[in-house]
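Trainee: I am new to this structure and should like to be led through it step by step. May we begin by looking at it together?

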Amino acid sequence: MFGWIHQHRCHSILASLRAKDAAKNVSYEYKVPFGDWFEYVSSAHYLAEFVMYFGFIVLTGGRNLDTWLLFAFVVLNLSIAAGHTHKWYKRKFENYPKSRKAIIPFIY
């Protein structure tokens with residue numbers, strides 16, 4: 001539930017970046033998300049996904065190899081996507097927060 005709640009918050013933040021432009025019926029402009037886990041990482045919604053899948057491992061007792069393999073796939077896949085997203089943000093926005101990491105706070 002913790003991961004799901006944060007993923008919902010992060011998606012709400014991302015959606016709010018476009019909602020104001022859509023209401024004005026103007027073309028969309030890319031913006032930097034702020035708030036919740038976006039203060040620490042560029043892809044906060046992906047970090048929440050990690051938490052959700054890890055919670056699934058905990059709920060199943062951690063004894064099933066399939067759940068660990070699924071978790072590993074999700075972490076690998078989303079880490080690559082988050083790295084590309086982070087690099088894009090840094091190229092696109094000169095004032096992008098320097099302390100913000102791609103997906104794992106204070107690490108990557």
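The questions and answers below go from the whole chain to single residues.

Trainee: Which elements make up the protein chain, and in what order do they run?
Mentor: This is a predicted model. The protein chain holds three helices and zero strands. Read from the N terminus on, the order of its elements is α-α-α.

Trainee: Which residues does UniProt list for "transmembrane region", and what share of each span is helix?
Mentor: The unreviewed UniProt entry gives residues 44-62 and 68-89 under that name. In the model, the end C-alpha atoms of residues 44-62 are 25 Å apart, and 84% of that span is helix. For residues 68-89 the end C-alpha atoms are 31 Å apart, and the share of helix is 100%.

Trainee: What percentage of the residues in the protein chain is buried?
Mentor: The C-alpha trace spans about 50 × 25 × 20 Å along its principal axes. The accessible surface comes to about 7,300 Å², with 62% of it belonging to carbon and sulfur atoms. Of the 108 residues in the protein chain, the buried share is 33%.

Trainee: How many salt bridges are there, and which residues form a salt bridge?
Mentor: The protein chain carries 13 positive and 7 negative side chains, and the centres of the two sets lie 4 Å apart. A salt bridge requires a side-chain nitrogen of Lys or Arg within 4 Å of a carboxyl oxygen of Asp or Glu. The count by this rule is one salt bridge. With closest N and O atoms 3.7 Å apart, the partners are R9 and D36.

Trainee: Where in the chain do R9 and D36 lie, and how many residues apart are they?
Mentor: R9 belongs to helix α1 (residues 2-23), while D36 is in the loop between α1 and α2. The pair therefore links distant parts of the chain, its residues being 27 apart.

Trainee: Why does R9 count as partly exposed, and why does D36?
Mentor: Partly exposed lies between under 20% and over 50% relative accessible area. R9 has 42% relative accessibility, so R9 falls in this class. D36 is in the class because its relative accessibility is 23%.

Trainee: Which side chain of opposite charge is nearest to E49, and how far away is that side chain?
Mentor: E49 is found in helix α2 (residues 44-59). E49 is buried yet has no salt bridge. The nearest side chain of opposite charge is R9, at 15 Å.

Trainee: Leaving aside neighbours within four places in sequence, which residues are in contact with E49?
Mentor: Contact calls for heavy atoms within 4.5 Å. With those sequence neighbours left aside, the residues in contact with E49 are Q7, V74 and L78.

Conventions
Residues are numbered from 1 along each chain as its sequence is written. This is a predicted model: local features need pLDDT of at least 70, side-chain atom pairs count only at pLDDT 80 or more; totals for chains, interfaces and linings use all residues. Side-chain values use heavy atoms; hydrogens and water are left out. Helices (H or I, at least four residues) and strands (E, at least two) are DSSP runs, numbered from the N terminus. Buried means under 20% relative accessible area, exposed over 50%, partly exposed in between (1.4 Å probe, protein chains only). Lys and Arg count as positive and Asp and Glu as negative; His and the chain ends are not counted. UniProt positions are given in the numbering used here, feature names are shortened, and annotations may be inferred rather than shown by experiment. Accessible areas come from the Shrake-Rupley method with a 1.4 Å probe; for residues, only the protein chains shown count as cover. The place of a charge is taken as NZ of Lys, CZ of Arg, CG of Asp or CD of Glu.
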